[in-house]
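Trainee: Please take a close look at one part of this model, the packing of its helices. I would like the contacts residue by residue, with each term explained as it comes up.

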Amino acid sequence: MNVMKSVDRIVRSNGVSLVAKVPPPLPSSCFFMPLKRKSIGYHWQLYCCSVSNNNSDKSCYLTLKDEELMRQCQMTSFKASGPGGQHRNKRESAVRLKHLPTGIVAQAVEDRSQHMNRSSALARLRTLIALKIRNPVSLESYSPPPELLQILPQSSTLRTSDSGPQIGPNNPKFVSGMQALLDLIFAVEGSISDAAKFLGMSTGALSRLILSDDSLWKAVNELRVSKGMKSLK
């Protein structure tokens, strides 16, 4: 992640919009993060994700640590409605996170602890970023990134000893590989057979990988239906 030191801003604590202070044009892969708090307000600095092939690379959102990703979010606490016990609605323990660079919103309401709901909402935000944010793929010179190789089955001919054991959907690192896989599938316009060729595996093996995660499966099927293809089952 590169730091653009020439674009520092003082955002006053009187409610001035951060977005309004950004000098245009601002790349979509850039965002502000607070460095420290001063008596006159917050000192913000502009950060940008790495850029390849003259296109913005938004995959760096998923490489941020939890604290760094939280700094990009607007957090709102509220009282959860509906069933869940007599103590559920007495405190504003539910959490809603809005990721400012992308506008994606995730929330968690199921726990009585705001800390636990914050953690759950952040994990869901990572999943939504992986599902909704696409990075451009050059098929002419395509090579699967390491995070994608990690979620591929051992049958893939592109895996090496450096790829390590296969990562499944229950592993937090799976979302990064899922994002890279969706980038490829969108690049081949939903063709599972074409994507499988780029990954050195059979169509059946790739289909089983997609079906292993419900959110990934639904995202692929939405794309395929929009292209007039049959859904994966």
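Mentor: Here is the overall picture, followed by the helix packing.

The model is predicted, so local features are given only at pLDDT of at least 70 and side-chain atom pairs only at pLDDT 80 or more, while totals for chains, interfaces and linings use all residues. Residues are numbered from 1 along each chain as its sequence is written, and side-chain values use heavy atoms, with hydrogens and water left out.

The protein chain has seven helices and eight strands; these are DSSP runs, H or I of at least four residues for helices and E of at least two for strands, numbered from the N terminus. Of its 233 residues, 39% are buried, where buried means under 20% relative accessible area, exposed over 50%, and partly exposed in between, with a 1.4 Å probe and protein chains only. Among contacts (heavy atoms within 4.5 Å) with a separation of 6 or more, 55% join residues 24 or more positions apart.

Two packed helices are described by the angle between their axes and the distance between the axes. The axes here are lines fitted to C-alpha atoms over the stretch in contact, and the angles run from 0 to 180 degrees between N-to-C directions.

Begin with helix H6 (residues 203–211), whose buried residues are Ala-205, Leu-206, Ser-207, Leu-209 and Ile-210. The cover over these residues includes H4, H5 and H7.

Helix H4 (residues 174–187) crosses H6 at roughly 130°, and the two axes come within 12 Å. H4 is therefore oblique to H6; angles under 35 degrees count as roughly parallel, over 145 as roughly antiparallel, 65 to 115 as roughly perpendicular, and the rest as oblique. On the H4 side Phe-174, Leu-181 and Ile-185 take part, and they meet Leu-206, Leu-209 and Ile-210 of H6. This contact has six nonpolar, no polar and no charged residues. For these classes, Ala, Val, Leu, Ile, Met, Phe, Trp, Tyr, Cys and Pro count as nonpolar, Asp, Glu, Lys and Arg as charged, and the others, Gly among them, as polar.

Leu-209 and Ile-210 of H6 also take part in the contact with H7, where Leu-209, Ile-210 and Leu-211 meet Leu-216, Trp-217 and Val-220. The contact of H6 with H7 likewise has six nonpolar, no polar and no charged residues. Helix H7 (residues 214–226) packs against H6 at about 120°, with the axes 6 Å apart.

H4 has a further partner, helix H2 (residues 114–132): their axes come within 8 Å and cross at roughly 15°. H2 and H4 are therefore roughly parallel to each other. Arg-126, Thr-127, Ile-129, Ala-130 and Leu-131 of H2 meet Val-175, Met-178, Gln-179 and Leu-182 of H4. The classes here are six nonpolar, two polar and one charged.

Ile-129 of H2 is worth a separate look. It counts as buried because its relative accessibility is 0%. Beyond its neighbours within four places in sequence, Ile-129 is in contact with Tyr-61, Leu-62, Leu-69, His-99, Ile-104 and Gln-179.

Last comes the loop between H4 and helix H5 (192–198), which holds Glu-189. Glu-189 has a positive phi of about 60° although it is not a glycine. At 47% relative accessibility, Glu-189 counts as partly exposed.
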